[in-house]
Amino acid sequence: MNDNKEPADFFDKPENIKKMLNIFYVVCALLVLVDFVVHRHIYHDWENIPAFYALYGFAGCVVLVLIAKLMRKVLMKEEDYYDK
């Protein structure tokens with residue numbers, strides 16, 4: 001894994017990554033569950049949808065990725081652009 005004999009970092013070990021992901025999933029699930037308990041002052045009716053903010057955040061991230069893919073086609077230079 002490490003050819004230069006450096007000590008393995010925390011994120012180099014797959015079991016640590018699994019632990020971190022499990023913690024992340026538990027925290028996400030707890031936040032969605034807390035959404036049913038905490039009283040929110042809403043301004044629009046669609047904010048009453050269960051887990052609205054989690055769904056809204058997920059949709060926002062998906063839209064950002066799709067926009068970035070489109071921007072890549074417009075902004076990307078050729079591989080040897082700076083070699084010319």
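**Entry 1: the salt bridge**

I began with Arg40, which forms a salt bridge with Asp35, the closest N and O atoms being 3.1 Å apart. I noted the rule I used: a side-chain nitrogen of Lys or Arg has to be within 4 Å of a carboxyl oxygen of Asp or Glu. A search of the whole structure finds one salt bridge.

I should say what I am reading: this is a predicted model, where local features need pLDDT of at least 70, side-chain atom pairs count only at pLDDT 80 or more, and totals for chains, interfaces and linings use all residues. Residues are numbered from 1 along each chain as its sequence is written, and side-chain values use heavy atoms, with hydrogens and water left out.

Next I looked up how covered the two partners are. I took buried as under 20% relative accessible area, exposed as over 50%, and partly exposed as in between, with a 1.4 Å probe and protein chains only. Asp35 has 18% relative accessibility, so Asp35 counts as buried. Arg40 has 24%, so Arg40 counts as partly exposed.

**Entry 2: Glu47**

Where is Glu47 found? I located Glu47 in the loop between α1 (14-35) and α2 (52-75). The helices here are DSSP runs of H or I with at least four residues, strands would be runs of E with at least two, and numbering goes from the N terminus.

Which side chain of opposite charge is nearest to Glu47? It is Arg40, 5.4 Å away; Glu47 is buried yet has no salt bridge. For charge I counted Lys and Arg as positive and Asp and Glu as negative, leaving out His and the chain ends.

I then checked for a polar contact, meaning a pair of N or O atoms within 3.5 Å; within protein, one must be able to donate a hydrogen and the other to accept it, and residues adjacent in sequence count only if both atoms are side-chain atoms. The side chain of Glu47 reaches the backbone nitrogen of Tyr43 at 2.8 Å.

With neighbours within four places in sequence set aside, I listed Arg40, Ile42, Phe52 and Tyr53 as in contact with Glu47. Contact means heavy atoms within 4.5 Å.

**Entry 3: Ala51**

I found Ala51 in the loop between α1 and α2 as well. Its relative accessibility is 13%, so Ala51 counts as buried. Phi of Ala51 is near 60°, a positive value in a residue other than glycine. Most residues other than glycine have a negative phi.

From Ala51 I took a C-alpha to C-alpha distance to Leu33: 8.3 Å, with their positions 18 residues apart in sequence. Leu33 is in helix α1, and Leu33 is exposed because its relative accessible area is 51%.

**Entry 4: helix α1 and a nonpolar patch**

Asn16 lies in helix α1. I read 10% relative accessibility for Asn16, so Asn16 counts as buried. A polar atom of the Asn16 side chain lies 3.0 Å from the backbone oxygen of Phe10.

Phe10 also appears in a nonpolar surface patch, whose members include Phe11, Met20, Phe24 and Leu31 and which has about 1,000 Å² of accessible area together. Patches are made of residues with over 30% relative accessible area and no salt bridge, joining like charges within 9 Å and nonpolar side chains (Val, Leu, Ile, Met, Phe, Trp, Tyr) within 5 Å. The areas come from the Shrake-Rupley method with a 1.4 Å probe, and for residues only the protein chains shown count as cover.

Leu31 is in helix α1; with 57% relative accessibility, Leu31 counts as exposed.

**Entry 5: helix α2**

Val62 lies in helix α2. At 37% relative accessibility, Val62 counts as partly exposed. Val62 and Leu75 are 13 residues apart in sequence, and their C-alpha atoms are 20 Å apart.
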